[in-house]
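Please work through the exercises below with the sequence and the 3D structure open beside you. Try each task before reading its solution.

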Amino acid sequence: MKEEKNKPTVETSKKGISRRKFLKGVGIGGGVLSSGILGSTLVPEQASAQSAQAPQARIWGPRAVPMELTVNGQKRSLELEPRVTLLEALRDSIEMTGAKKVCDRASCGACTVILDGHPVYSCSVLAIEAQGKNIQTVEGLAQGGGLHPLQAAFIENDAQQCGFCTSGMVMAAKACIDKHPNPTKEQIRLSMGGNLCRCGTYVGVAKAIVEAAGKHAASAPRTGGPNA
Ligand code: FES
Ligand code: FES
């Protein structure tokens, strides 16, 4: 007990450091240390001066904010919370239910739409991020009452069964033939690699893409020299 009584503690040690001093030291040292980890040698005063000069990031929400989406060439004005995904905006606010919510975590491709020419998983894009971009959905493919050649080719080649993956497949296929007018097997495989079909329609889908690409190429206006 005698030894315990005489043992210096952090609080009472005269020679050592008090807990208050210790915590103050850690606070300052921690600031320097953490900026050192980030590759900076700024002391706290410099860091706070720098952050005061940095442009303030604009914060949206959490309540609904106005936004405008361009879907299949039409502007749609919406009021949505910034956390709303493009898929939810399409399905719940614009009533375009072609894109399907299946995994809702960027795994299956059932929600694929085309954003500025690129196929994307709409469950993993925020609606607010899609503003100012051209959004194409399966609803925009059929024109003048006729099916798009890809839609017709999917039917011809039995490329759908339950249909849950189909609109996503069609949009990924559309992006494929837009990019590769005469796609090779490898280009089809790579373009469709992000779209899963639990019913196993892959062979029919590949045939449909080849058939639609052939029709697309045959109907394209010829340009070039007299023998083109
Ligand atoms: S629902 Fe978006 S990838 Fe599956
Ligand atoms: S047709 Fe059923 S999941 Fe593809």
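Two exercises follow, one on a pair of helices and one on a sheet, and both concern a predicted model.

**Exercise 1.** Describe how helix H5 and helix H6 pack, and determine which residues meet in their contact.

*Solution.* Begin by locating the two elements: H5 covers residues 149-156 and H6 covers residues 166-179, and they pack at an angle of about 125° with their axes 10 Å apart. Next, classify this angle: over 145 degrees would count as roughly antiparallel and 65 to 115 as roughly perpendicular, and H5 and H6 are therefore oblique to each other. The handedness completes the geometry, since the crossing of H5 and H6 is right-handed. Then turn to the residues: from H5 come Leu150, Gln151 and Phe154, which meet Thr166, Met169, Val170, Ala173, Lys174 and Ile177 of H6. Sorted by character, the residues of this contact comprise 6 nonpolar, 2 polar and 1 charged.

**Exercise 2.** Work out the order of the strands in the open sheet of 5 strands, and find which strands stand at the edges.

*Solution.* Reading across the sheet gives the order E2-E1-E5-E3-E4, and the pairing is mixed. Strand E2 (74-80) and strand E4 (118-121) each have a single partner strand, so they stand at the edges with one side left without a neighbour in the sheet. For the pair at one end, follow E3 (residues 112-115), which runs antiparallel to E4 and is joined to E4 by 4 bridges; Ile114, for example, has Pro119 in E4 as its bridge partner. Finally, link the two exercises: H6 packs on the sheet, where H6 touches E3, E4 and strand E5 (134-136), and the direction of H6 makes about 35° with that of E3.

Definitions and conventions:
Residues numbered from 1 in each chain as written. Chains lettered and ligands numbered in written order. Predicted model: local features only at pLDDT ≥ 70, side-chain atom pairs only at ≥ 80, totals over all residues. Heavy atoms only, no water. Axes fitted to C-alpha atoms, helices over the stretch in contact; angles between N-to-C directions. Left-handed = near helix turned anticlockwise from the far one by under 90°. Contact = heavy atoms within 4.5 Å. Nonpolar A, V, L, I, M, F, W, Y, C, P; charged D, E, K, R; others polar. Pairing = 2+ DSSP bridges.
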